[in-house]
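Student: I would like to go through the labels attached to this model and see what each one rests on.
Tutor: Then let us set each value against its definition.

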Amino acid sequence: MTQAVLDLARPVAAPTGDAPMVLDIRAADAFYGKAQVLFGVSVSVRRGQVVSLIGANGAGKSTTLNLVMGRLRPATGSVELDGRSIAGLSTESIIAAGVACVPQRRRIFSTLTVLENLEVGAYVRRKDRAGVARTLEEVCALFPVLAKKAHMMGGVLSGGEQQMLAIGRGLMSNPSLLLLDEPSMGISPKLTTEMFADIRRIAETGRTVLIVEQNAYAALGISDHGYVLENGAVALEGPAARLMHDDYVRQTYLGA
Ligand SMILES: Nc1ncnc2c1ncn2[C@@H]1O[C@H](COP(=O)(O)OP(=O)(O)OP(=O)(O)O)[C@@H](O)[C@H]1O
Ligand SMILES: [Mg+2]
């Protein structure tokens, strides 16, 4: 955990505005059975960016991630990764193509040690021992507490530490695109600020990050670009710094 506290009012520059597109969801409709939950959703993320998808309970945030992970197929529209359609691919092939998802409820293994939890994340590349060792170093540098508690059971970690472990486990597959579903859930405000500073550092090492969050302030504060999802549709999008100062966003999501 870094001690750095982000100045959340400081706009984060978007140096990667014309970097190649990593994820491109275009006009996607999605259904659970007969119930339509996404309506023409378009979200795109460029290499090296941190992008936030904010919205209230039930807005369709996790469903959007389900589209990317191949757990749900868009009824219409497209989902492209690095310029290739991934709609209809299995979750396994999407992970193999370089996407990792840290799920909403963390789901770490409480009876495995911290190190064993991280090793589970590296399963898809277990033959690349040198690469796994390098990523383990990267994760421990990002979250030193995980190195300190490497041999403790996952279940005894605090909520914040478990979230770090879940993010670390996601990184162990060496993803080019990391999806985070509500990383602030169940974490104190102070820890949330520190954790989001760490998430920003993940992008600074060359990875691309898409965050789904109800905590709009924390997420937009470290993002280059943001989308506001309401009732399954994108209501608003723009540079994160601009969204944070948008009257509607402030009143609806920032309690201003
Ligand atoms: N497996 C499912 N089957 C049927 N309906 C679902 C399923 N999962 C989610 N839904 C419904 O789809 C809509 C969008 O849900 P989703 O989980 O994407 O929202 P969310 O923005 O992630 O919300 P939260 O903040 O609660 O996680 C909601 O109305 C939800 O009840
Ligand atoms: Mg959700």
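What follows is a set of questions on the terms and the values behind them.

Tutor: This is a predicted model, in which local features need pLDDT of at least 70, side-chain atom pairs count only at pLDDT 80 or more, and totals for chains, interfaces and linings use all residues. Residues are numbered from 1 along each chain as its sequence is written, while chains are lettered from A and ligands numbered from 1 in the order in which they are written.

Student: Why is proline 189 called exposed?
Tutor: A residue is exposed if 12 or fewer other C-beta atoms lie within 10 Å of its own, buried if 20 or more do, and partly exposed in between, with C-beta atoms placed from the backbone. Proline 189 has 10 C-beta neighbours inside 10 Å, so it counts as exposed. Proline 189 is found in helix α7 (residues 189-204); helices are DSSP runs of H or I with at least four residues, strands are runs of E with at least two, and both are numbered from the N terminus.

Student: How do you know that the length of α4 agrees with its residue count?
Tutor: The expected span is 1.5 Å times one less than the number of residues. Helix α4 (residues 129-142) has 14 residues and should span 20 Å; its end C-alpha atoms are 20 Å apart, so the two agree.

Student: What makes the buried residues of α4 line one face?
Tutor: The arc is taken from the directions from the helix axis to the C-beta atoms. Down the axis of α4, the buried residues fall within an arc of 110 degrees, so they line one face of the helix. These residues are Val132, Thr135, Leu136 and Val139. The face turned away from them carries the exposed residues Ala130, Ala133, Arg134, Glu137 and Ala141.

Student: Which helices do the buried residues of α4 pack against?
Tutor: They pack against α3 (114-121), α5 (144-148) and α6 (159-171), where contact requires C-beta atoms, placed from the backbone, within 7 Å.

Student: Why do β4 and β5 count as paired?
Tutor: Two strands pair if DSSP finds at least two bridges between them. Strand β4 (residues 76-81) and β5 share 2 bridges in the antiparallel sense, so the condition is met. In β5, serine 85 is the bridge partner of glutamate 80.

Student: What makes β2 and β5 edge strands?
Tutor: The open sheet of 4 strands has the order β2-β1-β4-β5, with antiparallel pairing. Strands β2 and β5 (84-85) each pair on one side only.

Key. Two residues are in contact if their C-beta atoms, placed from the backbone, lie within 7 Å.
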